[in-house]
Amino acid sequence: MLVGDSPAARRLHDEIAGAARTHAKVLIVGETGVGKEVVARRIHAQSARRDAPFVAVNCSGIAETLLESELFGHARGSFTGADRDTVGLLRQANRGTLFLDELGEMSARMQAILLRFTETGEIQPVGADRPAGRVDVRLITATNRDLPAQIAAGAFRQDLYYRLNVIQIVVPPLRDRAEDILPLVRHYLERAGAAHRLAVPGIHPDAAQLLIAYAWPGNVRELKNITERLVLAEPDGAITPDHLPSEIREARATLPPLSLAAPGAPPPAPPAAVSRAPAPPTVMDAALSEHGLDRVASLWNRMAAGEDFWSVVYAAFKARELTRTELAAIIDRGLHTTGGSYTMLLKVFNLPPADYKRFHAFLYQQECNLPVALYRKRKAGRTRRVA
Ligand SMILES: Nc1ncnc2c1ncn2[C@@H]1O[C@H](COP(=O)(O)OP(=O)(O)O)[C@@H](O)[C@H]1O
Ligand SMILES: [Mg+2]
């Protein structure tokens, strides 16, 4: 099950379908916990090999000699304790798919053995006098390492890389597909609720905001673990910021200090329509120098006149003509104008909807992704669920 409907997740679905139509080798790259194994399993399940086995092997944390005999099998008496012939995993995966995870951890000798296998398709069991025939196995490999860098450093064989990297699928980190965070949280809340026969809690908007702002260094694996713990904590109705682990609650602390002053001021009601008129000065403006205020106003007015965010604000920021606080002040004004909607903010800044991801990534990178909860009119009741 591959949860997610972000543009990145949809691209991934297309790439999986494309890979499943062929028998070519696939190299899946991405940070730990992003779902590389899920992708490998989906490719197998959608391919013509789906009725044959999918065998997964992790190349890290397994001794090199053991890995060789795991993969290729061994002859009786080939080493102490080898009291009978064994069939290796490659044979077990015949007509199916072998998934080699953490490829970047493979020793030089194992790389040479794997290269030979990709060239001949022959199985050479450990300690056997002759090859034990060929197998028909599709290889899918995965790594969180930068293999080209490892090749440059002499730690990975370039010829093996070329062999394995026929189709490459990049699984982006969760922070680069923030739209997938809440669907994943809901998915795993429901799963954990069903598994433990516990009520499935809702997500309070303030908690949702923190979950989205958090960088998720452990990606989906981390999200899954945290979500499961949330269900077991049996929150009353909805998950609030208090239920979240401190590293997520502190996601807010990484925002510019100015935005933290905002909750004190009553957030204005969202306007009925998006207005192009200069937004009223906000609390954030108070921290800007007179010069900074002028700069913010001038850039704002250029966007109000029809120029887009990239050529006005982004360009000024990249040219170091705009400080991060001033950038935050512009976003702050914009969110006041749109009542906290980033989608509408794109329109205000003259950007097409397709730029959403890039826009959000930029704000995220600069820690200017101000939490929308600060700009929304608060509804009564603590347990409103995010739609
Ligand atoms: N898109 C997704 N939808 C649902 N679960 C996912 C998704 N991506 C990853 N997971 C879950 O996250 C965990 C880590 O995924 P895994 O494929 O093992 O990551 P990796 O191999 O990249 O470290 C697994 O429990 C997996 O089921
Ligand atoms: Mg893995």
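**Exercise 1. The shell around ligand 1**

Task: Sort the residues of the shell around ligand 1 by class, and state which helices and domains supply them.

Solution.
Step 1. By class, the shell holds 8 nonpolar, 3 polar and 6 charged residues. Here Ala, Val, Leu, Ile, Met, Phe, Trp, Tyr, Cys and Pro count as nonpolar, Asp, Glu, Lys and Arg as charged, and the others, Gly among them, as polar.
Step 2. This is a predicted model, in which local features need pLDDT of at least 70 and side-chain atom pairs count only at pLDDT 80 or more, while totals for chains, interfaces and linings use all residues. Residues are numbered from 1 along each chain as its sequence is written, chains are lettered from A and ligands numbered from 1 in the order in which they are written, and side-chain values use heavy atoms, with hydrogens and water left out.
Step 3. Of the 17 residues around ligand 1, Val3, Gly33, Lys36, Tyr188 and Lys224 come nearest; a residue is near a molecule or strand if one of its heavy atoms lies within 4 Å of it.
Step 4. Helix 2 (36–46), helix 8 (181–196) and helix 10 (219–232) each give at least two residues to this shell. Helices (H or I, at least four residues) and strands (E, at least two) are DSSP runs, numbered from the N terminus.
Step 5. Domain 1 (7–172) and domain 2 (176–253) each contribute at least three residues to the shell. Domain bounds come from an automatic or database domain assignment.

**Exercise 2. Backbone atoms at the ligand**

Task: Find the distances from oxygen atoms of ligand 1 to polar backbone atoms of Val34, Gly35 and Glu37.

Solution.
Step 1. For Val34, a polar backbone atom is 3.4 Å from an oxygen atom of ligand 1.
Step 2. For Gly35, a backbone N or O atom lies 3.1 Å from a ligand oxygen.
Step 3. For Glu37, the distance from a backbone N or O atom to an oxygen atom of ligand 1 is 2.9 Å.
Step 4. Taken alone, ligand 1 exposes 560 Å², and the protein buries 87% of that. Accessible areas come from the Shrake-Rupley method with a 1.4 Å probe; for residues, only the protein chains shown count as cover.

**Exercise 3. Positive phi values**

Task: Locate Arg95, Glu234 and Gly339, and give the phi of each.

Solution.
Step 1. Most residues other than glycine have a negative phi.
Step 2. Arg95 has a positive phi, near 70 degrees. Arg95 sits in the loop between helix 4 (89–92) and strand 5 (97–101), and counts as exposed because its relative accessibility is 56%. Buried means under 20% relative accessible area, exposed over 50%, and partly exposed in between (1.4 Å probe, protein chains only).
Step 3. Glu234 also has a positive phi, near 50 degrees. Glu234 belongs to the loop between helix 10 and strand 9 (238–239) and is exposed, at 55% relative accessibility.
Step 4. Gly339 comes just after helix 14 and has a positive phi of about 65 degrees.

**Exercise 4. Helix 14**

Task: Compare the span of helix 14 with the expected value, then state how enclosed the helix is.

Solution.
Step 1. Helix 14 (residues 324–338) has 15 residues.
Step 2. From first C-alpha to last, helix 14 reaches 21 Å, close to the 21 Å expected at 1.5 Å a residue. The expected span is 1.5 Å times one less than the number of residues.
Step 3. Of the 15 residues of helix 14, 13 are buried, so the helix is largely enclosed by the rest of the structure.

**Exercise 5. Arg49 and Arg175**

Task: Decide whether Arg49 and Arg175 are buried or partly exposed, and name a partner for each.

Solution.
Step 1. Arg49 lies in the loop between helix 2 and strand 2 (54–58). Its relative accessible area is 8%, so Arg49 is buried.
Step 2. The Arg49 side chain makes a polar contact with the side chain of Asp136 at 2.8 Å. A polar contact is a pair of N or O atoms within 3.5 Å; within protein, one must be able to donate a hydrogen and the other to accept it, and residues adjacent in sequence count only if both atoms are side-chain atoms.
Step 3. Arg175 is in the loop between strand 7 and helix 8 and is partly exposed, at 28%. Its C-alpha is separated by 8.3 Å from that of Pro217, 42 residues apart along the chain.
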